[in-house]
Structure formats: C-alpha cells, structure tokens
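The following exercises concern side-chain contacts in a protein model. Each task is followed by a solution that proceeds step by step.

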Amino acid sequence: MDELFYKIAFSEIPGLGAKGCRKLLDIYTDPKELFSLSKSDLNELFGKHKNIVEHIIQRTMFKQAEIEMDFISKHHIEVLFMTDAKYPQRLNKPDCDDTPVILYMLGDCDLNKKHVVSIVGTYENYLALFKKIGIKINRIKNTLIIGGGVIGYYLADILIRSGI
C-alpha cells in the first residue's frame, strides 16, 4: 500500500481529530509509522484512549481508505494532506482545532491564494445565495469551491454542467 493510502487511513481514525493528528505528526512524520506500532506502544501513546488503540490495531479505517483510493483514482481527484505544501496554510495553524486532515480537490487551483471565499451550506442555500447576490450561475468564472461532502460535490457538478 502506498503513502497516500496511509494518509487517508490516518485521517479516518475515529476519535483522533485534527489536533490529535498534528500531535502525532510531530512524533511520526509518516502516518504509516503509526500503523506499525505494537499494541503496547499504542497504549503508551494514547493512554486512556483505548478505543483509538483498538481501531488502529483492528485497522477499522482501512476499508474506508480503500474505497476513497478507488474513488479518487477513478475521478482523478487530488488529495491534500495537512503536511503537504499545497494544503491551505490558513487552515494549517495550531489554533485551528477543527481543520480537515485531508482535502479532496478536483481541478487546478491554488488554495493558498490571498483571496479565497468559502461558502458552507445546503444545496438550496448555495443556489439562493447566488440568486440573492445577483450572480447567474453561468456567469461565474475561475470558481473555487471549498465545501464538504455531498453538498460541495453537487454545487461543483451544477457549476461544471453550467459551463463554469
């Protein structure tokens, strides 16, 4: 399995979160290292968080990582891990506790540009916002969509189908 697989698996460890990931990456620069630790080493590392240890030992996140790997390969999606140079540096600050460990990106864009606008909301809210501010969907050029999950995907799909 390659480096990307372990980065995705690392990001899927239940109960770890961005803050925990940062602390671990200070110790283990390669996420793969974490999965090679013994159970006793993991118990020492995570202390009272036995549930995290069990998830790592049982590799519960590996199935999801395989699914993600297949999807990103099929759709030519770029993956940005929090230690990658292309990862948005505004999100990668120690005081940002809920930063995504991984971002999935479709298309060519620079997330470290000086001016980036992010819209978070439901599909209906995206459309209502564009209508409210008087922007016709087919008029938007050089659009950068930062969104989570299905909602961001559907907005991107609509904008792409609209010729944007």
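**Exercise 1. Aromatic contacts**

In this predicted model, F5, Y6, F35 and F62 make up one aromatic cluster. Classify the ring pair F35 and F62, and state which parts of the chain the pair ties together.

*Solution.*

Step 1. The structure contains six aromatic pairs. In the pair of F35 and F62, the ring centres are 5.2 Å apart and the planes stand at 65°.

Step 2. Ring centres must lie within 6.5 Å for a pair, and planes over 60 degrees apart count as edge-to-face. The pair of F35 and F62 is therefore edge-to-face.

Step 3. F35 belongs to helix α3 (residues 31-35) and F62 to helix α6 (residues 62-75), so the pair ties together parts that are 27 residues apart in sequence.

**Exercise 2. Burial of the two rings**

Determine whether F35 and F62 are buried or exposed.

*Solution.*

Step 1. The cut-off for a buried residue is a relative accessible area under 20%.

Step 2. F35 has a relative accessible area of 4%, so F35 is buried.

Step 3. F62 has a relative accessibility of 12% and therefore also counts as buried.

**Exercise 3. The salt bridges of K7**

Identify the salt-bridge partners of K7 and locate them in the chain.

*Solution.*

Step 1. The count of salt bridges in the model is four. One of them joins K7 to E3, with the closest N and O atoms 3.3 Å apart.

Step 2. Both K7 and E3 are in helix α1 (residues 3-11), where they are four residues apart, about one turn of the helix.

Step 3. K7 also meets D84 in a salt bridge, at 3.3 Å from N to O. This pair links distant parts of the chain, since K7 is in helix α1 while D84 is in the loop between β1 (78-81) and β2 (102-105), 77 residues apart.

Step 4. E3, K7 and D84 are thus linked in a network of salt bridges. K7 has a relative accessibility of 11% and so counts as buried.

**Exercise 4. The salt bridge of E54 and K39**

Describe the salt bridge between E54 and K39, and assign an exposure class to E54 and to K39.

*Solution.*

Step 1. The closest N and O atoms of E54 and K39 are 2.9 Å apart, and a salt bridge requires such atoms within 4 Å.

Step 2. The pair links distant parts of the chain: E54 lies in helix α5 (residues 50-58) and K39 in helix α4 (residues 39-46), 15 residues apart.

Step 3. With a relative accessible area of 29%, E54 is partly exposed. K39, at 40%, is partly exposed as well.

Notes
Residues numbered from 1 in each chain as written. Predicted model: local features only at pLDDT ≥ 70, side-chain atom pairs only at ≥ 80, totals over all residues. Heavy atoms only, no water. Phe/Tyr/Trp six-rings, centres within 6.5 Å; stacked < 30°, edge-to-face > 60°. Helix = DSSP H or I, 4+ residues; strand = E, 2+ residues; numbered from the N terminus. Buried < 20%, exposed > 50% of the residue type's maximum accessible area, 1.4 Å probe, protein only. Salt bridge = Lys/Arg side-chain N within 4 Å of Asp/Glu carboxyl O.
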